[in-house]
2 protein chains.
Amino acid sequence: MITGKITSLHVTDVRFPTSLEQHGSDAMHTDPDYSAAYVVIETDVTDGLKGHGLTFTLGKGTEIVVCAVKALSGHVVGKSLEEIVNDFRHFYRQLTSDSQLRWIGPEKGAVQLAAAAVLNAVWDLWAKKEKKPLWKLLVDMNPQQLVSCIDFRYITDALTEEEALEILQNGKQGQTVREVQMLKSGYPAYTTSCAWLGYPDEQLKKLCSDALKEGWTRFKVKVGADLKDDNRRCELIRGMIGSDNLMMLDANQRWDVNEAITWVKELAKFKPIWIEEPTSPDDILGHATISKAIAPLNIGVATGEQCHNRVMFKQFLQARALQFLQIDSCRLGSVNENLSVLLMAKKFNIPVCPHAGGVGLCELVQHLILFDYISVSGSLDNRMCEYVDHLHEHFKYPVVINDAAYMPPKDPGYSTEMTEESVLKYQFPSGEVWQNLLKESTNV
Amino acid sequence: MITGKITSLHVTDVRFPTSLEQHGSDAMHTDPDYSAAYVVIETDVTDGLKGHGLTFTLGKGTEIVVCAVKALSGHVVGKSLEEIVNDFRHFYRQLTSDSQLRWIGPEKGAVQLAAAAVLNAVWDLWAKKEKKPLWKLLVDMNPQQLVSCIDFRYITDALTEEEALEILQNGKQGQTVREVQMLKSGYPAYTTSCAWLGYPDEQLKKLCSDALKEGWTRFKVKVGADLKDDNRRCELIRGMIGSDNLMMLDANQRWDVNEAITWVKELAKFKPIWIEEPTSPDDILGHATISKAIAPLNIGVATGEQCHNRVMFKQFLQARALQFLQIDSCRLGSVNENLSVLLMAKKFNIPVCPHAGGVGLCELVQHLILFDYISVSGSLDNRMCEYVDHLHEHFKYPVVINDAAYMPPKDPGYSTEMTEESVLKYQFPSGEVWQNLLKESTNV
């Protein structure tokens, strides 16, 4: 029995100065300060439980998302948690289709990121109340309950409520075995930590060598800014990891459609299994063209971290425009919208390989992919979850990686809670870290 | 010779309480307060000229766009106008692809609306400096100059720079004749003022009867919330306007794909020429399915007011998902991005019928459609520009409608400047109008 009326929603602009060391740099995001709009909701119940949620950002612009979260708070504060989760679809619609706010989206950009942060906090609170990690809360829900969280608007031509129910009912078969398997061995991961675009070759070598020693077998390389550089870096990494390990390429939207095809053909000799974000994240038909052109090379197209809603994913699937679907826990409208995408991916028989990294994305998305394996896809073929070894120390329940696999979290909630100390120190611009950086830059 | 360094950018949240009288109400936006993020840029030149720009919003959320405008201002203040317009493509890219801010988009939602407001102000200032209305500035530019304003990233598979140049060079033929024609007769318009969804039948009848007397021959009707209501309202309006006048329907994204097809078939008996926004503005493939299904009924699909960038429009054209393309002066990245869409529409032979209404959209978009006719499409077949008789009194250079046609503006600039009095009175929440409404609601 979950209880409590939400009495407050607080949002903070938290930024980590990652650009100082080129962590996270790619062909389009040359100087990211990994950041988050961080939401805390409280209730009038004396159990002391709070809901923590976030959406990931790159520094500048976090204040815009914070502003959007405040605009949404009127839909949250005053409602009881029970009222929300018992008609979650309705609550989801309220947040994402506010009749004035939707003009700023609809269901995209700052307002959608804000909705994700708020909903992530609600799911965290719900899971804490149920004393379960989020993945387990989802695994234990019955198909009807799960489906009642999904807004099917605009996707019924690809997935009806009845089809979703059927997929979830089928997913119940063998669920217990798969849960035990996950608890024992974890969910397979790949690493992006080695080959950010801004890293010099020596750093690449060192990181790659360390990762091999730690048992990593799947490596992602950032490409797209300069073909000569890409050739050199890919050769270096393929040389180090050998032919049995997997390599993935990520262009972070750098190319036009035809340019992408030419460039990927040039890098095909390094045997990557996918090219990620070859062009604009909005270009469904462009991705379909690229998919078709590079299929003979045994390279698939992966995309999704900037795919802003279920309507876009629906079309990527309908157009056969991707071969690896990369959900994001903070870009889509939280668990609710991710559920609809996992179910569509299952229907279209496309493997889900989540986007992670950033701030907290690993912590959150591991819950979704565990649920996907245990209750939806039932398969690990061509599947793996991104991992970046970065900023986990700021979280109260950081991810646990064992032998290149995500070990299922055991603490109640969505692993979204940051340490109070980190939030204070990295709050922008008033936190100690930023005040010091500000002083330094004034002194220069 | 244009001069001046931009020394300041000021942005104001201006809202009109239109929801009080159901103006602008439709199936998805039931209570809009027509609003704008209103930008003023000043230079260090003593000519006293300022650039005014805006983007349209629906009330709540305007503060988010205001916040986004502030985040962009660092790219504007300190630059000379000459430096900007001489390499406008580069400046456009800076605004829309800031490496940290683009995560909040990219090129969509609040940051794209903000970029539109800022760029609209730059174009207004440029046209004022050249002492020309914006449409005339564009008409007088040579093809090379026009093309240099466009960011071709992500659209070269549909339109190359060379093709764009060729279209513009061909457009020069007969340009003078078409300009004279426009100055004499104006650009054909249609009215949306009669049939907002929240209006009672008596009001519909009165407005429709008045519009007929004023010479209107093309009428848009809002539909989509209730089929019985739609039947009654369409019958009423078709009865009043007769069979020779044109009727358009607008569902404002209310339906799923199959629902749209069924509903439109039901309303086909009223002989509308288009159904506007039948489903999600992101659903290119859905619009293509609907287009195909209703083509035998001689009804086309119109969409675009929430189509967030050129990459989306490119796909709508490639997929034959629309038969009438509705550009928006404040959703796309100002004149720059609209130029690319006008040129793609020309290449794909699809008529452009701009979205207008809101606050200032008529004032702005008339310049673009005049340029389209004079220098790009050279045709009025199946073409008309939306008109809503609303809020024009707040603009310093309001539109002039003669015999259901937009008369080309003669004042220098982009017609974006609001009266100082209106900005003061309607500023949210400090303006007099909002302070009074606040007092009233406190007294209730």
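Reader: Two strands count as a pair if DSSP finds at least two bridges between them, so how many bridges join strand β7 (residues 274-276) of chain A to β8(A)?

Author: This is a predicted model, and in it 3 bridges join strand β7 (residues 274-276) of chain A to β8(A), with the two strands running parallel. Within that pairing, A:Ile275 stands opposite A:Val301 in β8(A).

Reader: And which residues lie on each face of β8 in chain A?

Author: Strand β8 (residues 300-303) of chain A has A:Gly300 and A:Ala302 on one side and A:Val301 and A:Thr303 on the other, and these residues are all buried, which leaves both faces of the strand covered.

Reader: Changing topic to charges: how many salt bridges are there over all chains?

Author: A search of the whole structure finds 56 salt bridges over all chains. One of them joins A:Glu386 to A:Lys220, whose closest N and O atoms are 3.0 Å apart. That pair links distant parts of the chain, since A:Glu386 is in strand β10 (residues 385-387) and A:Lys220 is in strand β5 (residues 218-222), 166 residues apart.

Reader: Are A:Glu386 and A:Lys220 buried or exposed?

Author: A:Glu386 counts as buried because its relative accessibility is 2%, and A:Lys220 is buried as well, with a relative accessible area of 2%; the cut-off for buried is under 20%.

Reader: What does B:Lys220 meet in a salt bridge, over in chain B?

Author: The side chain of B:Lys220 meets that of B:Glu276 in a salt bridge of 2.8 Å, N to O. B:Glu276 lies in strand β7 (residues 274-276) and B:Lys220 in strand β5 (residues 218-222) of chain B, so this pair ties together parts that are 56 residues apart in sequence. B:Glu276 is buried, with a relative accessible area of 0%, and B:Lys220 counts as buried at 1%.

Reader: Which helix holds both A:Asp229 and A:Arg232?

Author: Both lie in helix α10 (residues 227-241) of chain A, 3 residues apart, which is about one turn of the helix. A:Asp229 and A:Arg232 form a salt bridge, with their closest N and O atoms 2.9 Å apart. Here A:Asp229 is partly exposed at 33% relative accessibility, and A:Arg232 is partly exposed at 37%.

Reader: Which residues are linked in a network of salt bridges?

Author: The network links A:Arg93, A:Glu107, A:Asp151, A:Arg310 and A:Glu337.

Reader: What about A:Lys79, which is buried without a salt bridge: where is its nearest side chain of opposite charge?

Author: The nearest one belongs to A:Glu83, at 5.3 Å, whereas a salt bridge has to be within 4 Å. The side chain of A:Lys79 does make a polar contact with the side chain of A:Gln94, at 3.3 Å.

Reader: Where in the chain is A:Lys79, and what is it in contact with beyond its neighbours in sequence?

Author: A:Lys79 is found in the loop between α1 (62-72) and α2 (81-86) of chain A. Leaving aside neighbours within four places in sequence, the contacts of A:Lys79 include A:Gly4, A:Lys5, A:Ile6, A:Ile84 and A:Phe91.

Reader: Last one: what turn lays chain A on chain B?

Author: A turn of 180 degrees, with a shift of 0.0 Å along the axis, lays chain A on chain B with an RMSD of 0.0 Å. That is the relation of a two-fold axis. The same surface serves both copies, as 100% of the contact residues of chain A recur in chain B.

Reader: And which residue of chain A comes closest to the rotation axis?

Author: That is A:Gly109, whose C-alpha is at 2.2 Å from the axis.

Conventions. Residues numbered from 1 in each chain as written. Chains lettered and ligands numbered in written order. Predicted model: local features only at pLDDT ≥ 70, side-chain atom pairs only at ≥ 80, totals over all residues. Heavy atoms only, no water. Helix = DSSP H or I, 4+ residues; strand = E, 2+ residues; numbered from the N terminus. Buried < 20%, exposed > 50% of the residue type's maximum accessible area, 1.4 Å probe, protein only. Lys, Arg positive; Asp, Glu negative; His and termini not counted. Polar contact = N/O pair within 3.5 Å; in protein donor to acceptor, adjacent residues only side chain to side chain. Contact = heavy atoms within 4.5 Å. Least-squares fit on C-alpha atoms with pLDDT ≥ 70 in both. Pairing = 2+ DSSP bridges.
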